[in-house]
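Visitor: Please show me the model, and then let me ask how each description is justified.

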Amino acid sequence: MTIRVVIVDDQAMVRAGFAALLSAQADIDVVGEAPDGRQGVQVSRSAHPDVVLMDVRMPEMDGLTAAREILDPPPGVVHRPRVLMLTTFDIDDYVYEALRAGASGFLLKDAPPADLIAAVRVVASGEALLAPSVTRRLIADFVQQRPAPRKDPALRLNGLTPRETEVLELIARGLSNQEIAGHLVLAEQTVKTHIGRVLAKLDLRDRAQAVIFAYEAGLVRPGDSA
């Protein structure tokens, strides 16, 4: 199946470079481009991509606002692509808020070409982009700086079984599925089943949102380790 991609970035050279790289892949088709968030939303609604590469800082409408509009569309709009945020090394609040809004991860703009291609494929498959430990460090940093209210997330933990809560905690501590399986002495497929149930019960889209939820609920705190 071909992965349909829309690229949203205010730099024409960046869009052209990403488009050329991705279009050269047999399983990826760039179906649209946009120079700002507002046009990015419009192109995404009309082109129905699987993945939107969204720059963080743009004129007219920034990437965070555009990501929110794409991921939480108005009534009547049924298509919801995955959103992958593009940023520089100076990671800021936009990325954290985008993950909270439902983005599937972020990618540094100067990442190697192979990383961009792999990122699109990973996100299109329904997974969060980042290695769990990287996601954990990013989220822990911002939760520590600006703690979110924990009452509601903490109450939602009550709907999980003890095993599911344990799996969620290990996800937030940065363990991969294989590592969780070894830690709990379970089959990796069983771990995947538990993760699926956690996401469904908490109404979370992917692993990145699960990590955010665990921090905001107080299940883990910045500085914790596995």
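Guide: Let us start with D55, which an unreviewed UniProt entry annotates as "modified residue: 4-aspartylphosphate"; UniProt positions are given in the numbering used here, feature names are shortened, and such annotations may be inferred rather than shown by experiment. The model is a predicted one, in which local features need pLDDT of at least 70 and side-chain atom pairs count only at pLDDT 80 or more, whereas totals for chains, interfaces and linings use all residues. Residues are numbered from 1 along each chain as its sequence is written, and side-chain values use heavy atoms, with hydrogens and water left out.

Visitor: Why is D55 called buried?

Guide: The relative accessibility of D55 is 4%, and since buried means under 20% relative accessible area (exposed is over 50%, partly exposed in between, with a 1.4 Å probe and protein chains only), D55 falls in the buried class. D55 belongs to strand 3, residues 51–55, where helices (H or I, at least four residues) and strands (E, at least two) are DSSP runs numbered from the N terminus.

Visitor: Which residues is D55 in contact with, once its neighbours within four places in sequence are left aside?

Guide: With contact meaning heavy atoms within 4.5 Å, the partners of D55 outside that window are V8, D9, D10, G63, M85, L86 and K109.

Visitor: What makes R82 a buried residue as well?

Guide: R82 has a relative accessibility of 18%, which puts R82 in the buried class. R82 is part of strand 4, residues 82–87, and, not counting residues up to four places away in sequence, R82 touches D50, V51, V52, S104, V123, G126, R205 and D206.

Visitor: Why is G159 counted as partly exposed?

Guide: Its relative accessibility is 47%, so G159 counts as partly exposed. G159 sits in the loop that joins helix 7 (151–156) to helix 8, and, residues up to four places away in sequence not being counted, G159 touches E164 and K201. The C-alpha atoms of G159 and V198 are 9.2 Å apart, although the two residues are separated by 39 residues along the chain.

Visitor: What makes helix 8 and helix 11 roughly perpendicular?

Guide: Their axes, for residues 162–172 and 207–216 respectively, cross at roughly 100 degrees and come within 9 Å. Axes are lines fitted to C-alpha atoms, for helices over the stretch in contact, and angles run from 0 to 180 degrees between N-to-C directions; the classes are roughly parallel under 35 degrees, roughly antiparallel over 145, roughly perpendicular from 65 to 115, and oblique for the rest. Helix 8 and helix 11 are therefore roughly perpendicular to each other. On the side of helix 8 the contact is made by L168, I171 and A172, and on that of helix 11 by R207, A210, V211, F213, A214 and Y215.

Visitor: How do the residues of that contact divide into nonpolar, polar and charged?

Guide: Eight are nonpolar, none is polar and one is charged, where Ala, Val, Leu, Ile, Met, Phe, Trp, Tyr, Cys and Pro count as nonpolar, Asp, Glu, Lys and Arg as charged, and the others, Gly among them, as polar.

Visitor: Why does helix 9 have the label roughly perpendicular with respect to helix 10?

Guide: The axes of helix 9 and helix 10 come within 8 Å and cross at roughly 105 degrees, which makes helix 9 roughly perpendicular to helix 10. N177, Q178, I180 and A181 of helix 9 meet E188, V191, K192 and I195 of helix 10, and the residues of this contact divide into four nonpolar, two polar and two charged.

Visitor: What does the largest nonpolar core contain?

Guide: A nonpolar core is a set of buried Ala, Val, Leu, Ile, Met, Phe, Trp, Tyr and Cys residues joined through side-chain atoms within 4.5 Å; the largest has 25 residues, with L157, L168, I180, L202 and F213 having the most contacts inside it. Helix 8, helix 9 (177–184), helix 10 (188–202) and helix 11 each supply at least two residues of this core. A second, separate core has 20 residues, including V6, V8, L64 and A98.

Visitor: What is unusual about the phi of E60 and of V185?

Guide: Most residues other than glycine have a negative phi. E60, which is not a glycine, has a positive phi of about 70 degrees, and V185, likewise not a glycine, has a positive phi of about 55 degrees. E60 lies in the loop between strand 3 and helix 3 (63–71) and counts as exposed at 61% relative accessibility, while V185 lies in the loop between helix 9 and helix 10 and counts as exposed at 71%.
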